[in-house]
Amino acid sequence: MGWTGSTFSGYRCWYITVFPPPLLIIVSLMVLSVIIMVCVLYIIILHSAVRTVDRIREFRESHTVSYINKAFDYNENVHPPVHETSTTTISITISAETITEISEKPIALHDLRVNGQIRCGVRKKVRKNFLKMTRYLCKRTVNNHPSKMKAVKTVLLILLCFVGTWTPYYVAIILYVKCDITKNVSKMARSVVCFLMLAIALAQGRHEKYENHQLYRVAGPSQEIEVLEAHLDIISATPAARSVSGQLEALVRLSPEDKQKWLEYFDKKQMKYTKMVDNLAEILRDEDVKINNAKQAAKRRGRSISWDAYYRYKEINEYLDYLGEEYSDLVTVINAALSYEGRQIKYVKISTSRFEDLRKPVVIIDAAVHAREWVTPPVALYIINQLVVDIVDSNLTDGLDWIIIPLANPDGYEYSIDEDRMWRKTRSKAHDGAEDCPGVDGNRNFDHYFGTREASANPCSLIYEGPAPFSEPEIRVIRDVVLQNLNRAALYISLHSYGNMFLYAWGNNGTLPANGLILHLAGVRMATAIEELSLDKADPYVVGNAANVLYYTTGTSRDWTRAVGIPLTYTLELPGYEYGFLVPPEYVEQIVTETWEGIAAGAHYVLSTF
């Protein structure tokens, strides 16, 4: 029986975190390298053994070596004088270790005469040279025998290689067994792992730019908060009706370099402020650890998409393609366009009649226009799941057609994951000053009172509207979807985070559309449905005109969609609980579940009205 993700679905064992899939791959590669080394060693040993066998066989056979000694006789009576030569040949027969025969067969032996003198002792020299050669051959024969010590070393080396090969598997087995016995230590082990992962994240320095950045909650009139939006990063805003101070409150980020200047400005304007976070980088690193742990846990459960983790652009698109193939009778996946950096922007059309029944109203929902609002794509995906996979209410698909864009700004979304967690805009560079300040605020790029607000004209501002209406390919996708279905579109919702609010038009001046009362009633119905499932600590939803609840804004999707003719259009600010838009994974399922109830309530309102 093999180990699978489902086998240990009920276990929360520390080895699962200690050995995540990437680490297991690395260990497997290490084991494979050892196996390859063993194979190479075997080849070397085999080659050496063959040579040794041949050598032994050679020495077991007799060898005959001839030693030739030449003697010369100088004959001066011959003209011209000549040398006469006589030869002594010595044959030596050698076995593996001994000399078995020495034969001396002289043909002739003469004394060597040079200049009339006789050199004696030639025979002695011959014998002396012979004995030297014999000793050399015997020594070489003995030294060429295989050594027993070398064989022992070879065997030990092979044994160590095999032990090294199988050690990781023995360790894994011990950990699996130990985990089942010592579940009570899992919390402590996970804490150790979290600490290590936190240290790694710190070393990587991905959030280094936000080191010692602080978050302050600032209270003041809406006009003053609007001024701050042009210069500071407003993380969120709390309506006056719900704030402790009774004024509009904004959570702003202050860098160490600018903090003193802005604190003095707040004092000058008599705007009360409170420090909420001392070091933003620490919050971001803690978020990384939680997200990584949640994603690994989801993989162990064998789920491609779960509601307690965040997913990358590629994973989201692959899931949409899967839904299109698995539920082709209900889901159509549209490859709408490419982003500025070339990523495919997909959306799904959900319809029991393939959008051919022109009597059915259409609901349009987009998410992640603002890159850093990671909780919005899971909400969009959960809506698709409830309509297509679980089909919790068939009336919502029988009577309505749906278009859902789960990831409207893929470039910014990926950049916020890889480079800058606080990134909000797109990643385009088609405007003046783009090299230093790339990107456009997608929710200021719609053609509704575009270019009428000076603060939105600054490319380095977080609310930069862009060089022209619909300059961003990501925003043109939303525009085209709306215009193509304008005759039947009844409800448009743009998902954002965070603040627990349903905001409707007009955000540019604070007046109400002709159907302002209907907008308010439908918004209250959706908010009420959400609050029935929300946690006790959740802030109550606020429903109202965007400018009156917060401050003036231009170029928003909410106002443009209402201006072109969709009756019910909203900016839905999702709950963040105490975490803002840095929602930890453990809260995602709660948020998607309660938000679905609000969306379903709005859809039923459309069914009963249109």
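The protein chain exposes about 31100 Å², and carbon and sulfur atoms supply 55% of that area. The model is a predicted one. Of the 610 residues in the chain, 48% count as buried. The chain has 17 helices and 17 strands. Among contacts with a separation of 6 or more, 73% are between residues 24 or more positions apart.

One part of the surface can be picked out in helix 2. This helix covers residues 21-60, and V40 lies in it. Together with I36 and I44, V40 forms a nonpolar patch on the surface, and the three have about 270 Å² of accessible area together. V40 has a relative accessible area of 43%. Because buried means under 20% and exposed means over 50%, V40 counts as partly exposed.

The next subject is a sheet. It is an open sheet of 8 strands, with mixed pairing and the order 10-11-13-12-14-17-15-16. Strand 10 (331-338) and strand 16 (542-545) stand at its edges; each has a single partner strand, so one side of each is left without a neighbour in the sheet. From one strand to the next, the twist averages 20 degrees.

Start from the edge at strand 10. Strand 10 and strand 11 are antiparallel and are paired over 7 bridges. Within this pairing, L338 is opposite Q344 of strand 11. The two strands form a hairpin with 5 residues between them, where G342 takes a positive phi near 95 degrees.

Strand 11 in turn pairs with strand 13, again in the antiparallel sense, over 3 bridges. Here I350 stands opposite W402 in strand 13. How much of strand 11 is covered? Strand 11 is mostly covered, with 5 of its 7 residues buried.

Further along the order of the sheet, strand 12 and strand 14 are neighbours. Strand 12 (residues 362-366) and strand 14 (residues 489-497) run parallel and are joined by 5 bridges. I365 has I493 of strand 14 as its bridge partner. Which helix packs on the sheet and touches these strands? Helix 13, residues 473-484, does so, touching strand 12 and strand 14 as well as strand 10, strand 11 (344-350) and strand 13 (401-405). The direction of helix 13 makes about 20 degrees with that of strand 11.

How values were computed. Residues are numbered from 1 along each chain as its sequence is written. This is a predicted model: local features need pLDDT of at least 70, side-chain atom pairs count only at pLDDT 80 or more; totals for chains, interfaces and linings use all residues. Side-chain values use heavy atoms; hydrogens and water are left out. Helices (H or I, at least four residues) and strands (E, at least two) are DSSP runs, numbered from the N terminus. Buried means under 20% relative accessible area, exposed over 50%, partly exposed in between (1.4 Å probe, protein chains only). Contact means heavy atoms within 4.5 Å. Accessible areas come from the Shrake-Rupley method with a 1.4 Å probe; for residues, only the protein chains shown count as cover. Patches are made of residues with over 30% relative accessible area and no salt bridge: like charges are joined within 9 Å, nonpolar side chains (Val, Leu, Ile, Met, Phe, Trp, Tyr) within 5 Å. A salt bridge is a side-chain nitrogen of Lys or Arg within 4 Å of a carboxyl oxygen of Asp or Glu. Two strands pair if DSSP finds at least two bridges between them. Axes are lines fitted to C-alpha atoms, for helices over the stretch in contact, and angles run from 0 to 180 degrees between N-to-C directions.
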